[in-house]
Amino acid sequence: IVKAVEEGRTVYTNIRKFILYILNSNMPEGVPSSAFLLSRGVIPLPLSVMQILFIDLGTDMLPALGLGAEEAEKGVMNKPPRSQKEPLLNKTVMVKGFLWYGMLESVVAMAAYFFINYLNGWPNVPLAAEGVVYAQATTLTLASIVFSQVGMVLNCRTERESIFKIGLFKNKQVIQGIILELILVVALMYVPFIQNVFKTAPVPFEGWIFLFCIPLPIVLIEEARKYYVRHYSKMEKRR
C-alpha cells in the first residue's frame with residue numbers, strides 16, 4: 001500500500017511537472033507578439049505563427065515526455081495528503097510557469113531578437129522588417145526559446161531539490177529529448193526545405209555563442225531560488 005501511494009504521488013507530481021514545462025514557453029511566444037502590437041509595428045514581429053507552431057509541436061514535447069519518467073523526489077511520503085478539491089493546474093504552477101519561468105524566457109527571447117539587429121547596426125538603423133537580417137533575428141528568437149527550454153526542463157525535474165544533487169544526467173529520456181530538439185533547431189537553420197517553410201536562416205557565429213550561454217544561467221538562477229526555499233523551510237520548522 002505504501003509503495004502504491006508513493007507511486008501515485010510520483011505520477012501526480014510528474015504530470016504537474018509536465019504541465020509546468022509546457023506552460024513555460026507560452027510567455028516567450030506571447031511577449032514578442034505583444035511587443036509588435038504595442039509598438040504598432042515599430043518592432044517587427046519577432047516570431048511568425050509557423051515558428052510558434054514549430055516550438056509547440058516540434059521541440060516542446062520531446063523533453064516534456066521525459067518528465068513522466070522522473071523518479072520520486074526525496075520526502076514525497078512526508079507530505080500530508082493533498083485535498084481532493086485541489087486542481088492539477090493550481091496557483092503555484094500558474095505563477096511559476098507564467099510569471100517566473102515564462103518571464104525569464106521572455107527576456108532571453110527579446111534579447112536574442114535585438115542582439116541580431118544590434119550586430120547589423122541597430123539602433124543607428126531601423127529594426128529589420130524583411131530580408132536575411134530579419135530571418136536571422138526571428139530564427140535566433142526561436143532558437144533562444146528552445147535553448148531556454150533546455151534549462152527549464154532540467155529545472156522542472158525537481159520542486160525543491162537541487163538538480164545537481166539528484167543527478168544532472170540521470171533522467172536519460174529528458175537528455176534524449178534535449179538532444180533531439182537541438183537537432184531540430186539545427187535542421188531549422190540549415191535544411192533548405194525547412195528554411196522555406198518556417199522562413200528561417202543560419203545565424204552568425206555570435207548568435208551561437210549567445211545560444212550556448214543561455215541554459216546554464218537559467219539553471220543557476222532557479223537553483224538559487226530552490227536553495228532559498230529549502231533554507232526558508234528549515235527556518236520555519238525550527239520555529
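In this tour, a nonpolar patch is made of residues with over 30% relative accessible area and no salt bridge, whose nonpolar side chains are joined within 5 Å. Please keep in mind throughout that the structure on the screen is a predicted model.

**First stop: the nonpolar patch**

Begin by selecting Val 49, Met 50, Leu 53, Leu 57, Val 191, Phe 193 and Val 197, which together make a nonpolar patch of about 670 Å² on the surface. If you colour the model by element, you will find that helix 3 (49-59) and helix 9 (192-198) are the elements that give two or more residues to this patch. The largest share comes from helix 3, with four residues. Now pick out Val 191, which sits in the loop between helix 8 (172-190) and helix 9. Val 191 has a relative accessible area of 33% and is therefore partly exposed.

**Second stop: two loop residues with positive phi**

From helix 3, step back to the loop that joins helix 2 (26-38) to helix 3, and select Arg 40 there. The phi angle of Arg 40 is near 55°, a positive value in a residue other than glycine. With a relative accessibility of 79%, Arg 40 counts as exposed.

Next, go to the loop between helix 9 and helix 10 (205-212), where Lys 199 is found. Lys 199 is not a glycine either, yet its phi is positive, at about 55°. This residue, Lys 199, also counts as exposed, its relative accessibility being 58%.

**Third stop: the largest pocket**

Turn now to the largest pocket, whose volume is about 810 Å³. Its lining is made of 28 residues, and a good way to find the centre is to select Thr 13, Arg 16, Lys 79, Glu 86 and Glu 159, which are the closest to it. The elements that give two or more residues to the lining are helix 1 (2-24), helix 5 (91-119) and helix 11 (215-238). Which of the elements gives the largest share of the lining? Select helix 1 to see the answer, for eight of the lining residues come from there. If you colour the lining by class, you should see 12 nonpolar, six polar and 10 charged residues.

**Fourth stop: a cis peptide bond**

Follow the chain past the end of helix 5 into the loop that leads to helix 6 (131-155), and select Pro 123, which lies in that loop. The peptide bond from Trp 122 to Pro 123 is cis, with omega near 15°.

**Fifth stop: the salt bridges**

Side chains of opposite charge can pair when their charged atoms come close. In this model the count comes to four salt bridges, and the tour visits some of them.

Select Glu 70 and Arg 157, whose side chains meet in a salt bridge at 2.8 Å, N to O. Glu 70 lies in the loop between helix 4 (61-66) and helix 5, while Arg 157 lies in the loop between helix 6 and helix 7 (163-166), so this pair ties together parts that are 87 residues apart in sequence. Are these two residues buried or exposed? Glu 70 counts as buried at 7% relative accessibility, and Arg 157 is buried as well, with a relative accessible area of 2%.

Then move on to Lys 165 and Glu 161, where the side chains meet in a salt bridge at 3.4 Å, N to O. The two partners can be told apart by their surroundings, since Lys 165 counts as exposed at 58% relative accessibility, whereas Glu 161 counts as buried at 16%.

For another pair, select Glu 222 and Arg 225, which form a salt bridge with their closest N and O atoms 2.8 Å apart. Both residues lie in helix 11, three residues apart, which is about one turn of the helix. Glu 222 counts as buried, at 1% relative accessibility, while Arg 225 is partly exposed, with a relative accessible area of 23%.

**Last stop: a distance across the model**

To finish, select Asn 78, which is placed in the loop between helix 4 and helix 5. Asn 78 has a relative accessible area of 70% and is therefore exposed. Draw a line from its C-alpha to that of Leu 154, and the separation in space is 24 Å, for two residues that are 76 residues apart in sequence.

Methods
Residues numbered from 1 in each chain as written. Predicted model: local features only at pLDDT ≥ 70, side-chain atom pairs only at ≥ 80, totals over all residues. Heavy atoms only, no water. Patch = residues over 30% accessible without salt bridge, like charges linked within 9 Å, V, L, I, M, F, W, Y side chains within 5 Å. Areas by Shrake-Rupley, 256 points an atom, 1.4 Å probe, with all protein chains shown as cover. Buried < 20%, exposed > 50% of the residue type's maximum accessible area, 1.4 Å probe, protein only. 1 Å grid on protein atoms, 1.4 Å probe; cavity = no way out; pocket = protein on both sides within 12 Å on 5 of 7 lines; lining within 4 Å. Points joined across faces, edges and corners; volume = space filled by probe spheres on them. Nonpolar A, V, L, I, M, F, W, Y, C, P; charged D, E, K, R; others polar.
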